[in-house]
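Here is the note on this chain, set out as numbered points. Please read it with the structure open.

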Amino acid sequence: MKEDLVKLIEDTEQIKTKFHSTGGQGLPVHNVIYDNADFTLWKREVQLELQEIYDRTSDQFIWDILVLIKQGFNSWKDEKSFNELQGGLRAIYKNIDKYYPNSIQNSVLLEESQMVVKKPKIFISHATKDKDYVSILVNLLEDMGLRESQIFCSSTSGYGIPLDEDIYEYLKKQFDEFDLHIILVLSNNYYESVASMNEMGAAWVLQKKYTTILLPGFEFMEIKGAINPRKIGLKLDNDLNDVKEKLGQLKDMVIEEFGLEKIRDVRWEQKRDQFIIGIMEICKGQTLSEEALQMLQAACDALDGTIIKTSDLSGEYIQVRDKDFITSQNRKEIVKWTDGLNELVKRGFVEAKGDKGEIFTVSQNGYDYIEQLK
């Protein structure tokens with residue numbers, strides 16, 4: 001409410017007194033506020049009031065302040081962020097009537113606008129380099145019963161940004177006009193894409209529903225940024241039974257959100273398995289290096305499926321049973337075989353055992369990969 005926001009803005013000077021110094025004894029000294037309980041409560045209340053305004057108005061200035069509140073306070077730049085926030089709140093204070101219509105007519109219009117229920121829509125956030133994976137994901141969503149107008153996917157023909165539309169304005173329109181369920185298709189490519197990271201940040205600021213899908217070779221431990229790394233997601237190169245189960249959960253969630261007709265089990269299993277096969281076929285196209293392939297083949301042939309990596313004063317070694325892959329301590333050869341082992345770990349074909357980085361065992365995905373080559 002207007003009165004609540006005015007009171008919060010008027011309390012800004014009092015909140016500013018909560019800054020205190022941290023550091024010293026060889027460490028940089030900073031004035032911080034992020035860890036003060038009064039500030040945290042005040043910040044949360046300001047955020048709620050501004051979020052209510054943004055939901056009504058889609059005002060860009062309010063959006064910028066919300067982003068600052070969520071991302072700006074991390075100890076070392078608290079003073080700078082607080083000064084920016086205080087300036088923004090003063091500007092809102094001077095224009096407060098702009099954000100709270102006073103006339104009866106505007107109030108009626110506001111009530112009517114708030115009664116409008118946004119239509120649900122799937123927004124697939126992904127890196128362009130991963131478009132092959134995303135294309136078959138779109139097909140699976142269609143098989144669940146979604147129509148073209150219920151999916152936004154920038155890299156897939158018919159689901160992206162129309163001709164002559166401004167890219168960022170069109171994306172903002174999706175967030176403003178639809179109740180978005182965002183599917184984050186995570187990979188190394190995703191984190192290298194500025195556009196993808198901006199989409200993730202927007203999902204976080206607007207508190208949109210999201211589901212994470214990890215592409216083959218990308219691990220849960222690599223999740224970073226604005227999303228919760230502890231939130232359970234779908235890892236496409238995980239155990240096959242787990243993949244099938246998580247896909248089933250995704251299907252049930254989509255059907256419920258969009259009010260779709262249920263799919264017969266037999267039909268769903270066919271479509272689901274086609275999707276999994278499509279993922280595997282794309283993976284096959286991403287061939288392993290010769291060194292990685294040799295190690296994986298040898299480990300699969302070994303009864304214990306184990307690769308040993310050791311180092312001592314005499315050098316570095318990678319072995320499977322009695323076979324040594326590093327046959328000289330030439331630095332170029334060491335790097336070649338070490339990179340090959342790292343490649344197997346990255347692709348999820350072997351898994352590290354323990355925390356010393358010396359023992360690796362073949363995963364089910366590794367055995368499946370070699371079996372498919374036969």
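1. Contact here means heavy atoms within 4.5 Å. On that basis, among contacts in the protein chain between residues at least 6 apart in sequence, 62% join residues at least 24 apart. The model is predicted.

2. Overall content. The protein chain has 16 helices and 12 strands. Of its 374 residues, 44% are buried. Its accessible surface is about 21000 Å², and carbon and sulfur atoms account for 50% of that area.

3. The five-stranded sheet. An open sheet is formed by 5 strands, with antiparallel pairing, in the order β10-β9-β8-β12-β11. Because β10 (323-324) and β11 (350-353) each have a single partner strand, they stand at the edges, and one side of each has no neighbour in the sheet. The partner of β11 is β12 (residues 359-362), and this antiparallel pair is held over 4 bridges. Within it, A352 has F360 of β12 as its bridge partner.

4. Helices on the sheet. Helix α14 (residues 290-301) lies across β8 (306-312), β9 (315-320), β11 and β12, and runs at about 50° to β9. Helix α15 (residues 331-346) also lies across β8, β9, β11 and β12, with an angle of about 45° to β9.

5. The main core. Which residues touch the most other members of the largest nonpolar core? They are I124, L141, M144, L146, L247, V254 and F275, in a core of 32 residues. Two or more residues each come from β3 (119-125), α8 (131-144), β5 (178-186), α12 (240-258) and α13 (265-285). Helix α8 gives the largest share, 7 residues.

6. Surroundings of I124. Leaving aside residues up to four places away in sequence, I124 touches V134, L137, V138, L141, I151, F152, C153, I183 and V185. A second core, separate from the main one, has 27 residues, including W42, Y54, W63 and L85.

7. Salt bridges towards the N terminus. The whole structure holds 14 salt bridges. One of them joins the side chains of D11 and K7, at 2.9 Å from N to O. Both residues are partly exposed: D11 has a relative accessible area of 22%, and K7 is at 46%. In another, the side chains of D38 and K18 meet at 3.3 Å, N to O. This pair links distant parts of the chain, with D38 in helix α3 (residues 37-57) and K18 in the loop between α2 (12-16) and β1 (20-24), 20 residues apart. D38 is partly exposed at 42% relative accessibility, as is K18 at 24%.

8. A salt bridge from α15. The side chains of K346 and E222 form a salt bridge with an N to O distance of 2.2 Å. The two residues lie 124 apart in sequence: K346 belongs to helix α15, while E222 is in the loop between β6 (209-214) and β7 (234-235). K346 counts as partly exposed, at 33% relative accessibility. Separately, E219, K235 and D237 are joined into one network by salt bridges that share partners.

9. Points to check by eye. How many bridges pair β11 with β12? The pairing runs over 4 bridges. Where in the chain does the salt-bridge partner of K346 sit? E222 is in the loop between β6 and β7.

Definitions and conventions: Residues numbered from 1 in each chain as written. Predicted model: local features only at pLDDT ≥ 70, side-chain atom pairs only at ≥ 80, totals over all residues. Heavy atoms only, no water. Buried < 20%, exposed > 50% of the residue type's maximum accessible area, 1.4 Å probe, protein only. Areas by Shrake-Rupley, 256 points an atom, 1.4 Å probe, with all protein chains shown as cover. Pairing = 2+ DSSP bridges. Axes fitted to C-alpha atoms, helices over the stretch in contact; angles between N-to-C directions. Salt bridge = Lys/Arg side-chain N within 4 Å of Asp/Glu carboxyl O. Core = buried A, V, L, I, M, F, W, Y, C linked by side-chain atoms within 4.5 Å.
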